[in-house]
Amino acid sequence: MSRFWLHAATGAAAALAAFAAFGLVSALTFSHGDVAPLAPALAAAFALGFLVSAMAPRELRLWRAVAMRGLAALNPALVAAALLGPGAVLAAAASLIVWRGVFALATDNDYRATILLALALAAAPLLSVSALALYPALLILALLLSPWGLAPRRAAGFLAVLITPLALISTGGLFLLWLAGGSLDGWALAPPVPRAHHGTPSFLALLAAPGLLLAAVGLAANLRFWKAALIFFASIAGMIVLTGPGAIALTAVVAAGHIAWAAPARSALLLLTAGFLASGALALAELSPAFRAAAAGLFEQAAARIAPVPASP
Amino acid sequence: MRLPRRQFERALQARFRDELVDASVSALRRSAPQSSAHRLLSFPQAAAGAFLALTVAAFFAAAPLALLIALNAGATLYFIAAIGFRVYLTVITLRLPPKVDAPPPLPDARLPTVTILLPVHDEADSLASLRTAIDAIDYPRERLDIKMLIEQDDAGTLAEAKRLGLDEAFDLILIPRSAPQTKPKACNHALQLARGELIVIYDAEDAPAPDQLRKAAAAFAVADETLICMQAQLNYYNADESWLTRLFALEYALWFDSFLPALEALRMPIPLGGTSNIFRTEALKKLGGWDPYNVTEDADLGLRLAREGFRTAILDSTTLEEANCQTGNWVRQRSRWLKGYMQTWLVHMRDPAGLVRATGWRGFAAMQLFVAGNVFSALINPVLWAVFAFWLATRSASIASVFPEPLLSLNLAAFVLGNCFFIYLAVIAPLKRGWPELAPNALLAPAYWALTSIAAYRALWQLFTRPFFWEKTDHMLSPAAQLRREEALERLKAKGA
């Protein structure tokens, strides 16, 4: 079986399994009277399936492909995401794509892209504290890197490169704050991930800041990153047609497929950037009261269509 | 009667011994006295220094607080500029394409003759590894002119060289005893005897990449005549041995893989490393060779050739060395380097206007921020840390009065951002080499800086007490180096050497 068909078959199987699982979750939530938006669930399922496919290394043997998919399925982040709901699954899926990109960078020794990613990750919380959630995710990645062939010490070093900027900025900032006599109470714990519609984490906000910064730094550093800008506009156009979750799912699918089948790490990062930018734009829009009101109205209409509230006696 | 070449050369050396010694010691001093570190300070420098000291003393007597605030502001602005310059260099390096297409290799028939200088002093234990490393060089033997330079009174090294048959494999040149007893003086001696079109120096513990000379020859063949030096990258074969060697390796990675390529791209003067620099021999001779009075003659030469309008390029080839793994030995080595940087700065600042004319404002700024910055930051760091720690512990108003706003904000920003930035530079330094496992050690960089500061004060002391003293670095202290020696001895034994 060629590598392409191996990926395609296992990816499709994973997508179907994920779709079934989330369909079941959705059905269960319907049966309990709660309303879950079906479209994001579908998008999440497909994104997850292709993502799982994407997580396999490029040079793959069958037993290893199966092991990788097993690892991905057992990933605590995914399990947690599944428990949190479809929106969170999309967020986790996008995060895992970040991880895959990170892993590709680690194995390719693409030091420039690694530095850009680290800087983007460090600056992200300045725009959205939700991005702090990416750091525990990176730590979980350490567990995944070694089975993929990166020696544990090497994996730890690589992650240190990614995490150090935020650690330094945080330490320096807190130190200055302390010197200035400011209170550290608010900094003792990172603020919780903001919850948006129906209690799911705002994955859009989660992804917004790294994308924007990554693209900004990337554009400054390498002309090839201009491609990201083109894809960004395409994503915006797609988002208008497909709406936010659909566009993100599409980006996730494209990125995952690209990473899995063809792309070197840098190209994969371009696609990630595009996805992030799209989600970032949506997140910015999400912050506007008008958008929120419109989104709330849409959700209420959808809920009324799917499960009409019985008239009170 | 045909006389073997070596025998003839030895006879020549014996006949012209005094002339060779004189030229190796005094050629540069005579031809370009302003470029020699023979004198520590020129008269205008001494006068300016005295005037500055008197002015500071007068201000200190009249308005001590204002003076301290002014010094504080000056140091802070300098720090910010030095940090900014390194940020600039880092960005430039990140913008460079990862791999530059190498020029096509030259066929053997077109390869130039290369003189390899191997200056050794009290290095008997290193010779076996050195022989193996030189044997491993992929270059036609008949186009190599290998000269091992041994001080005349270094009986131990000479005996070991003969025991290993190096007097057969290489030209052994005995350097007559004369002051100053430095590596550049020995190299100048050999430069006059060099037969190669190119000339390269390797230290006793070096292991150059086998194709290094071929790469350099190919690069020189396609370069214009202004390119007269190629500096190979340096790093360590025992990088992962202790915290000190890891940090040393991070520093070298930063220096040779990040900063120097950026300086090259910007056409700014490049302070050379002490080994693995390959020159066009004739151009080097015209420059007057190395300054025997400068204990970082390499850095000085890099700046000198830039002043003459020549260029240095960084060669994409690495020479591995033994990283200093003992703290005392490391401090001694570093103190020599920093003393040499001080000498170099003083020499090139004898004529600041000439420096600006020769290298432009950018070259001049690079000199101040890069060469002087290394020394100045090492000297001033402990003072600033001590003041800061004292203020933190006591919150003394007397200290606080030296830090009025907005100087305080500027100072704190430079302190926090500067330290964070330098730590992160060390974190990312090993990535380019594919050594991410060394990255976490960068968090220990402040301890490394403390050692650098100790070395800087030792260097400052020696600059005035023993300016030409060559603080010898002991080698073969690392278990990895000893293992290499044992392997080399085995190999030589197997070859019947």
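**Exercise 1. Find which residue of β8(B) is the bridge partner of B:Cys229, and place the pairing in its sheet.**

Step 1. The bridge partner of B:Cys229 in β8(B) is B:Thr312, where strands are DSSP runs of E with at least two residues, helices are runs of H or I with at least four residues, and both are numbered from the N terminus. The model is a predicted one, in which local features need pLDDT of at least 70 and side-chain atom pairs count only at pLDDT 80 or more, while totals for chains, interfaces and linings use all residues. Residues are numbered from 1 along each chain as its sequence is written, and chains are lettered from A and ligands numbered from 1 in the order in which they are written.

Step 2. Strand β6 (residues 227-236) of chain B pairs with strand β8 (residues 311-321) of chain B in the parallel sense over nine bridges; two strands pair if DSSP finds at least two bridges between them. With strand β7 (residues 277-280) of chain B, β6(B) pairs in the antiparallel sense over three bridges, and there B:Met230 has B:Ile278 as its bridge partner.

Step 3. β7(B) is also joined by three bridges to strand β4 (residues 198-201) of chain B, and these two run antiparallel; B:Leu198 has B:Arg280 as its bridge partner in β7(B).

Step 4. The whole is an open sheet of eight strands with mixed pairing, in the order β3-β2-β1-β4-β7-β6-β8-β5 (chain B). Its edge strands are β3 (171-175) and β5 (207-208) of chain B, each of which pairs on one side only.

**Exercise 2. Decide whether strand β6 of chain B is mostly covered or mostly open.**

Nine of the 10 residues of β6(B) are buried, and the strand is thus mostly covered. A residue is buried if 20 or more other C-beta atoms lie within 10 Å of its own, exposed if 12 or fewer, and partly exposed in between, with C-beta atoms placed from the backbone.

**Exercise 3. Describe how α13(B) packs against α14(B) and against α17(B).**

Step 1. Helix α13 (residues 327-348) of chain B and helix α14 (residues 352-394) of chain B pack at an angle of about 150 degrees, their axes being 10 Å apart. Axes are lines fitted to C-alpha atoms, for helices over the stretch in contact, and angles run from 0 to 180 degrees between N-to-C directions.

Step 2. The two helices α13(B) and α14(B) are therefore roughly antiparallel, since angles under 35 degrees count as roughly parallel, over 145 as roughly antiparallel, 65 to 115 as roughly perpendicular and the rest as oblique.

Step 3. For α13(B) and helix α17 (residues 445-465) of chain B, the angle is about 55 degrees and the axes are 7 Å apart, which makes α13(B) oblique to α17(B).

**Exercise 4. Establish whether B:Met342 is buried or exposed, and which residues B:Met342 touches.**

Step 1. B:Met342 lies in helix α13 of chain B and counts as buried, because 27 C-beta neighbours fall inside 10 Å.

Step 2. Not counting residues up to four places away in sequence, B:Met342 touches B:Val375, B:Ala459 and B:Leu463; contact requires the C-beta atoms of two residues, placed from the backbone, to lie within 7 Å.

Step 3. B:Ile80 stands 262 residues from B:Met342 in sequence and 21 Å from B:Met342 in space, C-alpha to C-alpha.
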